[in-house]
Amino acid sequence: MAELDQLRTRVRGFLAQEIATGGFSPHCDPWLIGFDRAFSLRLGAAGLLGLMLPAHYGGGGGSAADRLVVSEELLAAGAPVTAHWFAERQFAPSILRHGTCEQKDEWLPRVIRGEVCISVGLSEPDAGSDLAAVRTKAERADGGWFISGTKIWTSGAHLADAIVVLARTGGQKHEGLSQFIVRLPNNDVSIRGINMISGVRHFNEVHFESTFVPDADVLGEIGQGWKQAMEELAYERVGPERYLSTLPLLQELILGLGKNPESSAALGEVLADIRTFRTINQRVIEHLDSGNTAAIDIPLLKTIGTNFEQSTVLTALALANDPLRTSAITAKAKELLSEAQYQAPSFTIRGGTNEVLRGIVSKGLLR
Ligand SMILES: Cc1cc2nc3c(=O)[nH]c(=O)nc-3n(C[C@H](O)[C@H](O)[C@H](O)COP(=O)(O)OP(=O)(O)OC[C@H]3O[C@@H](n4cnc5c(N)ncnc54)[C@H](O)[C@@H]3O)c2cc1C
């Protein structure tokens, strides 16, 4: 499609300029460990954020296909996109679907400008895969709610402007859950860092001590939190970040290894798989545009995509450790390989583990 090709050219131009001016250096898994607010602001200023959001708020008025093109190029370049990623990917669509007029007016233009960093407050010490076991509670107060409880594995909460918290307002299991936008920093929210094995501070344990949230910051309907959170997870699970997290490494390997037949065969196979994933993903995101967030292709793509991402690290490792080729491996490739090795175990856990997603797929097939 001509418009999408033009958009792709625009993004590539922006990224070439960024690289030429030292705006960033490529990393693996740049949507999770590439936090750079200044980069997100430049991307917003270039009109490359919120392309699927209504023009009325400053967005592109396009579809998920537009965002896919931009995302693919950013990930392929290893650009530092973490600061705006969660806000643009799942928070903005949720605000658009469920937010009040005031929330839309406040948050959407800011997301589109690349100003907003959002954290996702779902997992708890005793509620990960079994999210319906959430114990964080919200109790009614005058003009709002008091939230008490603990979230864990909260990506980037120490850097975020707000955390979207799933909390129990009544009922059992899936019933009686609701979502709240808790603004940060907040004196009644304590955030303790948990370092990853690489030493990078990424995760947090976030504790809410009777944290007051005004009614204006309730997201969607009280009692509809489960449905809303599942919709957000659909946006989270489908996307090129589920098969492109290691592409900067693969590209650097190709640069170093050149046209050696054996390495070309191994890398060619990986690149052919990426092409297949792209084709599938282009179809799957149509579900998001049509509002079908329950489509089983979404968890299916996430499981096969993230298994594939992990396998690319093994392919890269085999090539890098081959004594015949060690001299052709660039210093940058070694750095990216080390990064990819540290990040790879999490590919199949974040956003829901592959075992659990396979369960969702099989139940969907039986239905
Ligand atoms: C890099 C990264 C970033 C993350 N960021 C966030 C974030 O920002 N916000 C957030 O809320 N959470 C975040 N998480 C947490 C993530 O969503 C959870 O780790 C994940 O859902 C699994 O939950 P758990 O860790 O409690 O494991 P558990 O649910 O305890 O699972 C342990 C093991 O048991 C298996 N298992 C559990 N139930 C079943 C079942 N029914 N059938 C088969 N096997 C099962 C799992 O597959 C897993 O292997 C992040 C995780 C990672 C790795």
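A helix axis here is a line fitted to C-alpha atoms over the stretch in contact, and angles run from 0 to 180 degrees between N-to-C directions. The model on screen is predicted.

**Whole chain.** Start with everything selected. The secondary structure amounts to 12 helices and eight strands. Measured out along the principal axes, the C-alpha trace covers about 70 × 45 × 40 Å. The radius of gyration is 21 Å, which agrees with the value near 21 Å that a compact globule of 367 residues would have.

**Burial and contacts.** Colour by burial next: 46% of the 367 residues are buried. If you draw a contact map, take the contacts between residues at least 6 apart in sequence; of these, 73% join residues at least 24 apart.

**Helix 8 and helix 11.** Now select residues 247-257, which form helix 8, and residues 331-347, which form helix 11. Their axes come within 9 Å and cross at roughly 150 degrees. Angles over 145 degrees count as roughly antiparallel, and therefore helix 8 and helix 11 are roughly antiparallel to each other. The crossing of the two helices is left-handed.

**The contact between them.** Keep both helices displayed and show side chains. On helix 8, pick Pro248, Leu249, Glu252, Leu253 and Gly256. On helix 11, pick Lys332, Ala333, Leu336, Leu337 and Ala340. These residues make the contact. Which classes do the residues in the contact of helix 8 with helix 11 belong to? Seven are nonpolar, one is polar and two are charged. Colouring the selection by class will display this split.

Terms used: Residues numbered from 1 in each chain as written. Predicted model: local features only at pLDDT ≥ 70, side-chain atom pairs only at ≥ 80, totals over all residues. Helix = DSSP H or I, 4+ residues; strand = E, 2+ residues; numbered from the N terminus. Parallel < 35°, antiparallel > 145°, perpendicular 65-115°, else oblique. Left-handed = near helix turned anticlockwise from the far one by under 90°. Contact = placed C-beta atoms within 7 Å. Nonpolar A, V, L, I, M, F, W, Y, C, P; charged D, E, K, R; others polar. Rg over C-alpha atoms; globule rule 2.2 N^0.38 Å. Buried ≥ 20, exposed ≤ 12 C-beta atoms within 10 Å, placed from the backbone.
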